[in-house]
Amino acid sequence: MAGERILIVEDEPRIAEVLERYLRADGFRVERAGDGHRALELWRAANPDLILLDLMLPGLDGLEVARQVRRTSSVPIVMVTAKVEEVDRLVGLELGADDYVLKPFSPREVVARVKAVLRRAGGHVRAPVHHTVGALAIDLDAFEARCGGTRLDLSPAQLRLLATLAAEPGRAFRRAELLEGGTDGFADERTVDAHVKNLRRRLGDCADLLETVRGVGYRLRP
Ligand code: CA
């Protein structure tokens with residue numbers, strides 16, 4: 001199952017980092033979201049094979065994230081919670097979580113649980129992850145983007161940024177929404193500007209699709 005994509009939703013960076021390290025060591029690809037809104041964005045943009053979802057999150061909590069995901073998707077969800085008394089509700093029919101992990105946990109235990117759920121969910125067919133905006137085509141399975149058929153030379157962070165924007169063409173994303181963690185991520189809003197500038201330079205004939213929305217952030221013109 002190497003190469004499958006896991007979305008970690010966790011607001012405590014230390015815990016998220018440890019989980020990411022263990023999952024990557026096992027060959028998984030990992031995306032990280034620190035709050036519920038970002039989780040839904042990354043879920044739409046990256047279409048992961050499994051979501052590891054913390055219950056207590058700032059803003060939109062884990063229950064609401066699960067509810068919104070379940071409206072359209074059967075992607076496996078493993079809930080992470082410190083509340084023993086919540087477990088029945090989480091895994092029951094009500095929310096449709098596939099399994100749960102109790103905090104505090106050992107990262108090894110989480111990885112084992114993720115693998116078990118993925119094995120069980122073998123029948124879950126992930127929709128292909130393609131976004132097309134004008135002449136721009138993004139293929140997250142092949143992890144590449146093309147403009148009018150010409151392959152673009154993008155870094156992984158640039159590709160994820162482009163995929164996030166392309167998941168909702170026309171929507172203006174605030175810089176704060178485009179921040180991401182991880183080693184090649186964007187640490188602050190000024191870094192987002194720098195990455196967008198570099199990204200635009202590499203988009204070739206598609207550069208004019210990437211628009212700056214004054215006072216807000218960026219969007220892809222539909
Ligand atoms: Ca939390």
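**Exercise 1. The cavity and the domains**

Domain 1 (5-124) and domain 2 (127-220) both give residues to the lining of the largest cavity, so this cavity lies between the two domains. The model used here is a predicted one. Describe the largest cavity: how much space lies in it, and which residues line it?

Solution.

Step 1. Start with the search. Over the whole structure, one cavity of 30 Å³ or more is found.

Step 2. Give the volume. The space in the largest cavity is about 40 Å³.

Step 3. List the lining. It is made up of E31, L42, A45, A46, L140, R160, A163 and T164.

Step 4. Sort the lining residues by type. Five are nonpolar, one is polar and two are charged.

Step 5. Assign helices. Both α2 (36-46) and α6 (156-167) supply at least two residues each to this lining.

Step 6. Place the cavity. Its lining draws on domain 1 and on domain 2, and therefore the cavity is between them.

A general remark on the method: a probe the size of a water molecule, rolled over the atoms, shows where empty space is left.

**Exercise 2. The disulfide**

Find which cysteines a disulfide joins, and state whether C147 is buried or exposed.

Solution.

Step 1. Apply the cut-off: two cysteine sulfur atoms must lie within 2.5 Å. The count by this rule is one disulfide.

Step 2. Name the pair. C147 is joined to C206, with 2.1 Å from S to S.

Step 3. Locate both ends. C147 is in strand β8 (residues 144-147), while C206 is in the loop between α8 (189-201) and β11 (210-213). The two are 59 residues apart, and the pair links distant parts of the chain.

Step 4. Give the handedness. The link of C147 and C206 is right-handed, with 90° about the S-S bond.

Step 5. Check burial, for which the relative accessible area must be under 20%. C147 has 9% and is therefore buried. C206 has 2% and is buried as well.

**Exercise 3. Two backbone details**

Say where the cis peptide bond from K103 to P104 leads in the chain, and what the phi of N47 is.

Solution.

Step 1. Recall the background. Most peptide bonds are trans, and most residues other than glycine have a negative phi.

Step 2. Look at the peptide bond from K103 to P104. This bond is cis, with omega near -5°. P104 sits in the loop between β5 (99-102) and α5 (107-120).

Step 3. Look at N47. Its phi is near 45°, a positive value in a residue other than glycine. N47 belongs to the loop between α2 and β3 (50-54). Its relative accessibility is 18%, so N47 counts as buried.

**Exercise 4. Three residues and their contacts**

For L40, A167 and A137, state the element each lies in and which residues each one touches beyond four places in sequence.

Solution.

Step 1. Take L40. This residue lies in helix α2 and is buried, at 4% relative accessible area. Its contacts outside its sequence neighbours are L60, V65, Q68 and V69. L40 and V65 are 25 residues apart along the chain, and their C-alpha atoms are separated by 6.8 Å.

Step 2. Take A167. This residue is in helix α6 and counts as partly exposed at 24% relative accessibility. A167 is in contact with R44, A45 and H131. From A167 to L220 the separation is 53 residues in sequence and 9.4 Å in space, C-alpha to C-alpha.

Step 3. Take A137. Strand β7 (residues 136-139) holds this residue, and a relative accessible area of 33% makes A137 partly exposed. A137 touches H131, T132, E144, A145 and R146. A137 and A163 are 26 residues apart in sequence, with 9.6 Å between their C-alpha atoms.

Step 4. Connect with Exercise 1. A45, a contact of A167, is one of the residues lining the largest cavity. A163 is also in that lining.

**Exercise 5. The whole chain**

How many helices and strands does the protein chain have, and what share of its residues counts as buried?

Solution.

Step 1. Count the elements. The chain has eight helices and twelve strands.

Step 2. State the burial. Of its 222 residues, 47% count as buried.

Step 3. Consider contacts between residues at least 6 apart in sequence. Of these, 58% join residues at least 24 apart.

Key. Residues numbered from 1 in each chain as written. Predicted model: local features only at pLDDT ≥ 70, side-chain atom pairs only at ≥ 80, totals over all residues. Heavy atoms only, no water. 1 Å grid on protein atoms, 1.4 Å probe; cavity = no way out; pocket = protein on both sides within 12 Å on 5 of 7 lines; lining within 4 Å. Points joined across faces, edges and corners; volume = space filled by probe spheres on them. Nonpolar A, V, L, I, M, F, W, Y, C, P; charged D, E, K, R; others polar. Domains from an automatic or database assignment. Buried < 20%, exposed > 50% of the residue type's maximum accessible area, 1.4 Å probe, protein only. Contact = heavy atoms within 4.5 Å.
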